[in-house]
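Reader: Please take me through the reasoning behind the labels used for this structure.

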Amino acid sequence: MLFLCFFFFQAEDGIRDAQESRGLGDVYKRQVLQRMAEWSCKLLGVERLEDVMADHVRAVKGMVDFVQLYHRIAARRLAPAGEFAGEPLNHGVSWLLGSRYMLDRLFGDEAGVWAGKVFAEEESDEQGWNVFEDDAHQVARGEIDEKTILAVPFKTQVESSALNTIPVTKLTYPAEQRWIFSTMCEEIVCINDDLCIGIGGFWPLGGVRNGWSLLLYRGDKGRRPEKVYL
């Protein structure tokens with residue numbers, strides 16, 4: 001009987017120690033997230049990530065800083081849902097691959113200029129859609145009467161990023177009939193509920209490791225509040 005009692009109390013102590021370890025792990029995780037947030041805010045020139053707007057991201061100079069920002073923002077594990085206006089940024093190999101031209105003129109297959117994405121709501125298996133406008137729009141402001149078209153569906157999955165081990169929202173195009181776009185992949189992470197960044201690329205050319213940067217925003221985060229697609 002004494003032996004059984006001793007074993008019971010030892011097991012209790014073991015459970016209590018494990019709980020303390022998990023608590024310390026949570027503290028460490030919060031500290032890491034805080035440091036990443038502070039670095040991101042310093043790079044973007046804001047006090048809080050909730051204050052970041054599209055212009056702050058547009059001002060990031062070079063793909064190196066953009067990828068570093070991507071790594072740190074990915075740790076927040078915020079996933080996009082709903083409608084976002086979008087634009088490719090002048091980072092990476094966009095100018096070399098002509099990705100801006102491909103997104104604007106070829107990707108839509110005569111649907112128009114790429115202008116954003118519509119993601120399925122959370123906990124939904126529905127596919128997402130790309131949004132295209134009937135003409136090119138300015139970055140800072142668009143015309144209210146521009147027609148929009150939903151085309152080129154994509155599938156979303158939460159998987160480890162090809163750039164790190166952090167889970168991110170991955171977009172693939174399994175239903176795409178055109179070979180080059182069927183190999184396109186994108187990874188999206190969100191700075192806040194209304195502003196996300198991503199990296200896209202083609203698998204034969206190295207995927208997101210050798211791709212281009214993109215920006216997604218809605219409401220006044222991009223100062224284009226008139227953009228509503230549905």
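Author: Two strands count as paired if DSSP finds at least two bridges between them. The model discussed here is predicted.

Reader: What makes strand 6 and strand 7 a pair?

Author: Strand 6 and strand 7 (residues 195-202) share eight bridges in the antiparallel sense. The definition asks for at least two, so strand 6 and strand 7 are paired. One of the bridge partnerships joins Glu187 to Ile199 in strand 7. Strand 6 and strand 7 also form a hairpin, with two residues between them.

Reader: How do you know that strand 5 and strand 6 pair?

Author: Four bridges link strand 5 and strand 6, in the antiparallel sense. At least two are needed, so the two strands qualify. Leu171 has Glu186 of strand 6 as its bridge partner.

Reader: Why is strand 6 called largely enclosed?

Author: Nine of the nine residues of strand 6 (residues 184-192) are buried, so the strand is largely enclosed by the rest of the structure.

Reader: Turning to the rings, why is the pair of Phe84 and Phe119 called edge-to-face?

Author: The ring centres of Phe84 and Phe119 are 6.0 Å apart, and their planes stand at 85°. A pair needs centres within 6.5 Å, and edge-to-face needs planes over 60 degrees apart. Both values meet these limits, so the label applies. Phe84 belongs to strand 1 (residues 82-88) and Phe119 to strand 2 (residues 113-119), and the pair links distant parts of the chain, 35 residues apart. Phe84 and Phe119 are both buried.

Reader: What makes Phe107 and Tyr173 an edge-to-face pair?

Author: Their centres lie 5.8 Å apart, with 85° between the planes. The limits are within 6.5 Å and over 60 degrees, so this pair is edge-to-face. Phe107 lies in the loop between helix 5 (99-106) and strand 2, and Tyr173 in the loop between strand 5 (167-172) and helix 6 (179-182), so the pair ties together parts that are 66 residues apart in sequence.

Reader: Why are Phe107 and Tyr173 called buried?

Author: Buried means under 20% relative accessible area. Phe107 is at 0% and Tyr173 at 1%, so each counts as buried.

Reader: Which residues form the aromatic cluster?

Author: Phe84, Phe107, Phe119 and Tyr173 are among them, as are Phe132, Phe154, Phe181, Phe202 and Trp212. The structure holds eight aromatic pairs.

Key: Residues numbered from 1 in each chain as written. Predicted model: local features only at pLDDT ≥ 70, side-chain atom pairs only at ≥ 80, totals over all residues. Heavy atoms only, no water. Phe/Tyr/Trp six-rings, centres within 6.5 Å; stacked < 30°, edge-to-face > 60°. Buried < 20%, exposed > 50% of the residue type's maximum accessible area, 1.4 Å probe, protein only.
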